[in-house]
Amino acid sequence: MSDGTHRFGGRALTKARVYAGLLVLMLPTLVGMILFNYYPKWGAIKYSFFRWEGSSSEECRGLRNFVEAFTADPLFWQTFKLVGILLAANLVKMWPCIFTAIVLHRLRNEKWQYVYRVLFVVPMVIPGLVWLLIWKSFY
């Protein structure tokens, strides 16, 4: 009976070591995410409540910044108009790609699928390769 308990304890200890090892391997990613993703967002939220000049937080304004943005700032609402135009432009640009992908997916002949995929992929890859070779020649 003690043998079974000992085996279970050993298995739990092995599992804990595996999880600890995985946590150690995840630690650089977690630190990077907190440092480069969450910390700047928290700073943006914090500074949105202050009158901020770029170097120090001078005075806490509370929600006054938001009230002024929604009521007194004419540029605030114009930005929504611009975002709407850009969204519509992206939707217009996206439909031909989606339609082409559907057509390629529904082709029955594998030979023609391959030919059309090459014809669509090569023009996308060549500019990146040329750009890479130009930069390689600089270095």
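Modeller: Before we start, contact here means heavy atoms within 4.5 Å. This is a predicted model, by the way.

Biologist: Fine. What share of the contacts with a separation of 6 or more comes from residues 24 or more positions apart?

Modeller: Residues that far apart in the chain supply 0% of those contacts.

Biologist: And how do you know how the chain compares with a compact globule?

Modeller: Set the two radii of gyration side by side: a compact globule of 139 residues would come out near 14 Å, while this chain has 28 Å. Its C-alpha atoms take up a box of roughly 75 × 70 × 40 Å along the principal axes. For one pair, Gln-113 and Leu-27 sit 86 residues apart in sequence, with 44 Å between their C-alpha atoms.

Biologist: What is the chain built from, in order from the N terminus?

Modeller: The order is α-β-β-α-α-α, which adds up to four helices and two strands.

Biologist: How much of the chain counts as buried?

Modeller: Just 4% of the 139 residues. The accessible surface is about 12,800 Å², and carbon and sulfur atoms hold 73% of that.

Biologist: Why is Arg-61 called buried?

Modeller: Buried means under 20% relative accessible area. Arg-61 comes in at 15%, so it counts as buried. You'll find Arg-61 in the loop that runs from strand S2 (57-60) to helix H2 (64-71). Setting aside neighbours within four places in sequence, Arg-61 touches Phe-49, Phe-50, Arg-51 and Glu-68.

Biologist: What makes Gln-113 buried?

Modeller: Same kind of check: the cut-off is under 20%, and Gln-113 has a relative accessible area of 13%, so buried is the right word. Gln-113 belongs to helix H4 (residues 110-138). Beyond residues up to four places away, Gln-113 is in contact with Leu-104, His-105 and Leu-107.

Biologist: Why is Cys-60 called exposed?

Modeller: Exposed means over 50%. Cys-60 has a relative accessible area of 52%, so it passes. Cys-97 has 53%, so that cysteine is exposed as well.

Biologist: How many disulfides does the structure hold?

Modeller: Zero. A disulfide is a covalent bond between the sulfur atoms of two cysteines. To be called one here, a pair of cysteine sulfur atoms has to lie within 2.5 Å. With zero disulfides in the structure, there is no such pair.

Biologist: Last one: how far apart are the mean positions of the positive and negative charges?

Modeller: They are 17 Å apart, taken over 16 positive and 7 negative charges. Lys and Arg count as positive, Asp and Glu as negative.

Technical notes
Residues are numbered from 1 along each chain as its sequence is written. This is a predicted model: local features need pLDDT of at least 70, side-chain atom pairs count only at pLDDT 80 or more; totals for chains, interfaces and linings use all residues. Side-chain values use heavy atoms; hydrogens and water are left out. Buried means under 20% relative accessible area, exposed over 50%, partly exposed in between (1.4 Å probe, protein chains only). The radius of gyration is taken over C-alpha atoms; the globule rule is 2.2 Å times the number of residues to the power 0.38. Accessible areas come from the Shrake-Rupley method with a 1.4 Å probe; for residues, only the protein chains shown count as cover. The place of a charge is taken as NZ of Lys, CZ of Arg, CG of Asp or CD of Glu.
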